[in-house]
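Me: I am new to this structure and would like a careful, close look at a single part of it, followed by a connected account of how its side chains pair and pack. Please take your time over it.

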Amino acid sequence: MLRRLLAALTPALAGSAVLLVALSTTPTPAPAAAVRADNPHSAQSAAAARWLAGQLADGRLAGPFGGTDWGLTIDALIALEAAGTEPAAADAVADAVEANVDSYATGGDWAPDYLISGSMAKVLVAAVVAGRDPTSFGSHDMRARTLDLIRGADAGAVQGWIFDRYGDQPTQGGNLFAQSLAVLGLARSGGAPQPAVDFLVKQQCVAGGFRLNPATDGAACTSAPVASQVQDVDTTAMAVQALLAADAAGATGAKAAADAGIGWLLTQQKADGSFQGSMGTDYSNTNSTGLGGQALAAAGHIAEADRAADFVAAQQLTAAGGGAAAAHAGAIAYTPGSLADAISGGIAENETDQWRRATGQAALGLAKVSLAEIGTGGTEPTPTSTATPTPTGSASPTTSPTASPSPTATATPTGTATPTGTATPTGTATPSPTGPTSPAPTTWAPPPSGGGRLPTTGVDVTSIGAFGAVVMLAGAGLVVAGRRRR
């Protein structure tokens, strides 16, 4: 997910997974409990959470260039909630995110009317995972704001796709991290519109994996030649978990697509339990392995999920074997090479960012709690609406400026010192100016009492390329793009 976060900075590293044709296997139902009582990696999960908690300053994590990286901060929140061992730290992060929603999900002071789809959806997921009311998070109804960015029936082939918006003008579609986050957050807060689920399913390729970026015209992945269907492990793991949440909320077609995605992921796991990224990150790494293992656990493939966790745990620093980096016990290296370098030479200040990004996502593979269950204690709130809420036709989302955004997608480290952000999502160049027809928001039911804190990841990324063209100052666009990340 790291690579999703800094795509705007290092697009060359964003990529997709190796294509392999495979048939899906129907997985065994996942355990009901949100946290596995028999998880053999619980100690490593707790150590990773402890290290992440120690990296926080006022409930935030800084980015590689200074200032708060809200996308990375939300990734830490998800990891902390998944581990369930650092409740005070998780609450501090949730408080900080809630107080700065517009700094991440909008153009902030530069362009308060510019709504960033991936970031908006990621904040919704953060609220749900933290056990906060998503209909009143940071003085906003995050469910309604996210619904307002889903394109309506008037959008034709892109109906159901989540788009950035400037005022009442859709600007560009989010990538599949953004779409998965939207489906996940909406499914967990009252039900996801069926068109949003259908659009996600439409992006599944022939072999069962998902590509990162939808076609600009919204065409199905299956309509492209098989050779061009570049599938990605991180994207597929996110999509699968979103579809499992949608299925639990009553959406149709989600379970079959999730099963096919799991079938493809099973073909991608290496003998040592690891997964690799794509193109610029086509080597085994803990971020892709963390997400892939989390998805396998969510689908009930416990043995395979444990093998993925074994690989992640092998890249974790310990007090006894950490060498020059022993003070960072609990932190997880992006690759075996990064671990060896840290043990021999320590972790320099300018290398900390990569370790934070790697640990935040890799830790999900240790906790092995589905994004559809984090923060629920094993039981999801009963959806208060059907899978396809009644459209209200609200065209303009509410805006409330605060600061400039720093969108992130599920952090997928690239293995380089500075992970790449999810490649900027491609959207239709000039989408219809009509506002999306959005389903009516529903009353949110909080998780049952005792529902612990479990992580949820979600990288959100949305391209900001079109921003400069929409706003008056090119500088404003650059500022937003720089802070948006993944």
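In which loop does A57 lie?

Reply: The model is a predicted one, and A57 lies in the loop between α2 and α3. At 47% relative accessibility, A57 counts as partly exposed, because buried residues are those under 20% and exposed ones those over 50%. From A57 to V93 there are 36 residues in sequence, while the C-alpha atoms of A57 and V93 are 9.3 Å apart in space.

The loop that holds A57 also holds D69, and here the account can widen to the charged pairs. D69 forms a salt bridge with R357, whose closest N and O atoms are 2.7 Å apart. This pair links distant parts of the chain, since D69 belongs to the loop between α2 (42–55) and α3 (70–83) and R357 to helix α15 (residues 352–367), with their positions 288 residues apart in sequence. D69 and R357 are both buried. In general, side chains of opposite charge can pair when their charged atoms come close. Salt bridges with shared partners join D69, R357 and also D353 into one network, and the structure holds eight salt bridges.

Helix α3, which follows that loop, takes part in a further charged pair: D75 forms a salt bridge with K122, with 2.8 Å between the closest N and O atoms. Again the pair links distant parts of the chain, D75 being in helix α3 and K122 in helix α6 (residues 117–129), 47 residues apart. K122 counts as buried at 0% relative accessibility, and D75 counts as buried at 2%.

Helix α6 itself can be checked in a simple way. At 1.5 Å a residue, its 13 residues should span 18 Å, and the end C-alpha atoms are 18 Å apart, which agrees. The helix is mostly covered, with 13 of its 13 residues buried, and just after α6 comes G131, which takes a positive phi of about 80 degrees.

One more of the salt bridges joins K368 and D306, with the closest N and O atoms 2.7 Å apart. K368 lies in the loop between α15 and α16 (465–470) and D306 in helix α13, so this pair too links distant parts of the chain, 62 residues apart. Both K368 and D306 are buried.

The aromatic side chains give a second set of pairs, of which the structure holds four. The rings of W161 and F163 have centres 5.2 Å apart and planes at 80 degrees, so the pair is edge-to-face; the angle decides this because planes over 60 degrees apart count as edge-to-face. W161 is buried, with a relative accessible area of 0%, and F163 is buried as well, with a relative accessible area of 1%.

Another edge-to-face pair is made by Y283 and Y334, with 6.2 Å from centre to centre and 80 degrees between the planes. Y283 lies in the loop between β5 (275–276) and β6 (284–285), whereas Y334 lies in the loop between α13 (302–314) and α14 (336–345), so the pair ties together parts that are 51 residues apart in sequence. Y283 counts as partly exposed at 28% relative accessibility, while Y334 is buried, with a relative accessible area of 1%.

To return to W161 and F163, ring pairs link these two residues with F199 into a cluster. The ring of F163 also has a charged neighbour, for the charged end of R151 sits over it, 4.8 Å from its centre.

The nonpolar packing can be described next. The largest nonpolar core has 106 residues, and those with the most contacts inside it are L80 and L265. Leaving aside residues up to four places away in sequence, L265 touches V233, T236, A237, F275, A295 and L296. A second, separate core of five residues includes W161 and F199, together with A155 and V158.

As for the whole chain, its secondary structure comes to 17 helices and six strands, and of its 486 residues 63% count as buried. Among contacts between residues at least 6 apart in sequence, 79% join residues at least 24 apart.

Key
Residues numbered from 1 in each chain as written. Predicted model: local features only at pLDDT ≥ 70, side-chain atom pairs only at ≥ 80, totals over all residues. Heavy atoms only, no water. Phe/Tyr/Trp six-rings, centres within 6.5 Å; stacked < 30°, edge-to-face > 60°. Buried < 20%, exposed > 50% of the residue type's maximum accessible area, 1.4 Å probe, protein only. Helix = DSSP H or I, 4+ residues; strand = E, 2+ residues; numbered from the N terminus. Lys NZ or Arg CZ within 6 Å of the ring centre and 35° of its normal. Salt bridge = Lys/Arg side-chain N within 4 Å of Asp/Glu carboxyl O. Expected span 1.5 Å × (residues − 1). Core = buried A, V, L, I, M, F, W, Y, C linked by side-chain atoms within 4.5 Å. Contact = heavy atoms within 4.5 Å.
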